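This report goes through the fold, the nonpolar cores and the surface of one protein chain. It then turns to two residues and their surroundings.

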Amino acid sequence: QRLFVTLGFLLAPLTPVAILCALKLIINASHPETDPGYQKYLVILISGLAYVATLILAVPTYFVLRRFKLIRWWSCTLAGFLMGDVAVVTMSWYSLVQSPFADWLANVAGTLVWFGAIGAAAGFLFWAIARPQTGKFGT
């Protein structure tokens, strides 16, 4: 079981990397003048931030959920959504606050939904890898 939990913590943080880099490739396809070397720096930056967020947020959350026997697909997905939001607000609070209020509200709402969804995908992937191997979907 520990092997699957370790693999979950190693692989789930790559979810934001994969999603954001795929989007960057799509954007680059429509704007070929963008520097292609930028992609590798994006991977390094997002990977580093994702693993730091995993250590600070996800590992303690896992132990709390495990303590209360709540390692379920929905709890990991919800926790991932919330952690995605906490991570992005923590890293970009200054730029979010600098906008006029109407822009700020739209920007914050869009940012929270987007990065929450990425976090939810990572949380679900973590559950899919680390869940107890009982053969039942809900556990």
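Helices and strands are taken here as DSSP runs, of at least four residues for a helix and at least two for a strand, numbered from the N terminus. On that basis the elements of the chain run α-α-α-α-α from the N terminus on, which comes to five helices and zero strands.

The model is predicted. Its mean pLDDT is 85, and 81% of the residues reach 70 or more. Among the elements, the highest mean pLDDT belongs to helix 1 and the lowest to helix 2, as tabulated below.

| Element | Residues | Mean pLDDT |
|---|---|---|
| Helix 1 | residues 2-11 | 95 (highest) |
| Helix 2 | residues 14-30 | 82 (lowest) |

Where pLDDT is low, the predicted coordinates should not be read in detail.

**Packing**

The chain has 139 residues, of which 35% count as buried. Of the contacts between residues at least 6 apart in sequence, 75% join residues at least 24 apart.

The largest nonpolar core has 13 residues, and Val-5, Phe-9, Tyr-62, Ile-71, Cys-76 and Phe-126 have the most contacts inside it. Two or more residues of this core come from each of helix 1, helix 3 (38-67), helix 4 (73-97) and helix 5 (101-130). A second core, separate from this one, has six residues, including Val-17, Leu-20, Cys-21 and Ile-46.

Phe-126 illustrates the larger core. Neighbours within four places in sequence left aside, Phe-126 is in contact with Val-5, Gly-8, Phe-9, Ala-12, Tyr-62, Cys-76 and Arg-131.

**Surface**

About 8,800 Å² of the chain is exposed, and 76% of that area is supplied by carbon and sulfur atoms. A nonpolar surface patch is formed by Leu-3, Phe-4, Leu-7, Leu-10, Leu-11, Leu-14 and Leu-125, which together have about 560 Å² of accessible area. Helix 1 gives the most to the patch, with five residues.

**Two residues compared**

Leu-11 is found in helix 1, and Thr-15 has its place in helix 2. Which of the classes buried, partly exposed and exposed applies to each? Under 20% relative accessible area counts as buried and over 50% as exposed. Leu-11 has a relative accessible area of 40% and is therefore partly exposed. Thr-15 has 12%, so Thr-15 is buried.

What is Thr-15 in contact with, apart from its neighbours within four places in sequence? The contacts of Thr-15 are Ile-118, Ala-121, Ala-122 and Leu-125. Thr-15 and Leu-125 lie 110 residues apart in sequence, while their C-alpha atoms are 8.0 Å apart in space. Leu-125 is also one of the residues of the nonpolar patch.

Conventions:
Residues numbered from 1 in each chain as written. Predicted model: local features only at pLDDT ≥ 70, side-chain atom pairs only at ≥ 80, totals over all residues. Heavy atoms only, no water. pLDDT = per-residue confidence, 0-100. Buried < 20%, exposed > 50% of the residue type's maximum accessible area, 1.4 Å probe, protein only. Contact = heavy atoms within 4.5 Å. Areas by Shrake-Rupley, 256 points an atom, 1.4 Å probe, with all protein chains shown as cover. Core = buried A, V, L, I, M, F, W, Y, C linked by side-chain atoms within 4.5 Å. Patch = residues over 30% accessible without salt bridge, like charges linked within 9 Å, V, L, I, M, F, W, Y side chains within 5 Å. Salt bridge = Lys/Arg side-chain N within 4 Å of Asp/Glu carboxyl O.
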